[in-house]
Amino acid sequence: MTALRAPGARGHVRPGPPPLLLIYSVTVTGILNNTLIGPAIPDILDAFDQPSSRAGLLVASGALPGIVVAPLIGVLADRFGRRRVLVPCLVVFGVGGGLAALAPSFALLLLLRLIQGAGGAGLINLAVVIIGDHWTGTERAKLVGRNAATLTISLAIFPAVGGLLTELGSWRWSFAPYPLALVTAALIWRMLPDIELHPQPAVASQLRDAGRVLRQPLLARATLAAFGVFFLIFGLYLTVLPVLLEDRFGLSAGARGLVLAAPALSSTAAALVVGRLRAGYGGRALVLFGSVCFTVAFVTIGFAPSLIVVLIGGLFYGLGEGLSIPTYQDFVAGSAPAASRGAVVAVWVGAARAGQVAGPLAAGAALSTLLPGAVFVVGGALAAATLVAQLRADTSVRPALQGTPAGEG
């Protein structure tokens, strides 16, 4: 456990780890970015007279700043402490998201989504970093899994909330919960312990240390995998599926939200036991099985003749998400010493953000020439190709993912 304090900070140090609910509240806030508005996407496009191909642009605008901002947030959190960086991020996220509800044009909506995305870029990774600061070993793996379960439970709740708000009022109501991030910011300021990362190296030295850790072969692969996994998740599930549900089944925003939420059942169950599964089977087995689940899910949804089949595909999707993402997060958080953990995790999240941007843009371009079902089948082929690449990976580095991470202890 790390009992540290940011340089110059006074009066906010408290013994022991922070409350878990406080950490999970940051994760929940971070996942709101696209989950709330997902079911409202067709309504937003209709309101501004935009084609379906702009769905990708709308989703990507919330993730685009993260490619650059997420690594920067990590470096700043290593230098100035988690709390001092986290609070401004939450404030920007809440204000940007709240103002987006009032956007008079599609262009201004995209601009406010960019601002909101800048604030939200570092939230989920900082939650993982805080866990890595205060817990180690199997306890850290268990809590990372629970944090991932919190994320997936949020994925179950908030699409339904966004769809319900859209049906009760309009798409603008789906943005109403974003200012709650200001409440989270106030709680973080009062309750999150400061941490101290002495000695503070020069920025160039800090970046070199982080780069040295990131050049580990398995960590580099985990970073590349983050791009691929989130490319498929944001491109297919959050961008194409709402359009498919409206086009193929004629579902309303509320019904679309419920369908988008269904995979959280299997992803939450998987995330809650991922620590135990990793101890028994190793991380490599979990990410391989996760890739199998993604392949089955996307092909199943692409050819689905009924909603029941879509839901079955969604359960496979959730299982893949619940097994692979917390496994990668735990490995990356444990691969770096505390002084560069924020930067290393942030680079991983930056790769994930790049996938969150590229996936919706690629999906939007694909929707201009292919039907939504065909886009899902293409995504299934990409997931299968990823699985083959993982199976052919250099076996000499496999044990590292199964053993104790380098930065631990």
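This briefing covers the nonpolar core, the salt bridges, a surface patch and one helix contact in the structure above. The model is predicted. Its largest nonpolar core holds 99 residues, and the count of salt bridges comes to 3. A nonpolar patch on the surface has about 490 Å² of accessible area.

**Nonpolar core**

- Within the largest nonpolar core, the residues that touch the most other members are I44, L86, L109, F175 and L241.
- Helix α11, residues 217-249, supplies the largest share of this core, with 18 residues.
- L109 is in contact with I44 and F175, leaving aside neighbours within four places in sequence.
- On the same terms, the other contacts of L109 are F48, L58, A100, A103 and W171.
- In soluble globular proteins, nonpolar side chains tend to be buried together.

**Salt bridge R256 to D43**

- R256 pairs with D43 in a salt bridge, and their closest N and O atoms are 2.8 Å apart.
- Because R256 lies in helix α12 (residues 253-261) and D43 in helix α2 (residues 41-47), this pair ties together parts that are 213 residues apart in sequence.
- R256 has a relative accessibility of 2% and counts as buried.
- D43 is partly exposed, at a relative accessible area of 28%.

**Salt bridge E246 to R256**

- R256 also takes part in a salt bridge with E246, where the closest N and O atoms are 4.0 Å apart.
- E246 belongs to helix α11 and R256 to helix α12, so the salt bridge ties together parts that are 10 residues apart in sequence.
- E246 is partly exposed, with 31% relative accessible area.
- Through shared partners, the salt bridges join D43, E246 and R256 into one network.

**Salt bridge D133 to R82**

- The salt bridge between D133 and R82 has its closest N and O atoms 2.7 Å apart.
- This pair links distant parts of the chain, 51 residues apart: D133 is in helix α7 (residues 123-134) and R82 is in helix α5 (residues 82-100).
- D133 is buried, with a relative accessible area of 2%.
- R82 is buried as well, and its relative accessible area is 2%.
- Side chains of opposite charge can pair when their charged atoms come close.

**Nonpolar surface patch**

- The patch on the surface is formed by F289, V292, V296, I308, I312 and F316.
- Helices α15 (283-303) and α16 (307-334) each supply at least two residues of the patch.
- I308, one of the patch residues, is placed in helix α16.
- The relative accessibility of I308 is 56%, so I308 counts as exposed, the cut-off for which is over 50%.

**A363 in helix α17**

- A363 lies in helix α17, which covers residues 338-367.
- With a relative accessible area of 5%, A363 is buried.
- A363 and T239 are 124 residues apart in sequence, yet their C-alpha atoms are 7.0 Å apart in space.
- Leaving aside neighbours within four places in sequence, A363 is in contact with T239, G235 and V240.

Conventions:
Residues numbered from 1 in each chain as written. Predicted model: local features only at pLDDT ≥ 70, side-chain atom pairs only at ≥ 80, totals over all residues. Heavy atoms only, no water. Core = buried A, V, L, I, M, F, W, Y, C linked by side-chain atoms within 4.5 Å. Buried < 20%, exposed > 50% of the residue type's maximum accessible area, 1.4 Å probe, protein only. Helix = DSSP H or I, 4+ residues; strand = E, 2+ residues; numbered from the N terminus. Contact = heavy atoms within 4.5 Å. Salt bridge = Lys/Arg side-chain N within 4 Å of Asp/Glu carboxyl O. Patch = residues over 30% accessible without salt bridge, like charges linked within 9 Å, V, L, I, M, F, W, Y side chains within 5 Å. Areas by Shrake-Rupley, 256 points an atom, 1.4 Å probe, with all protein chains shown as cover.
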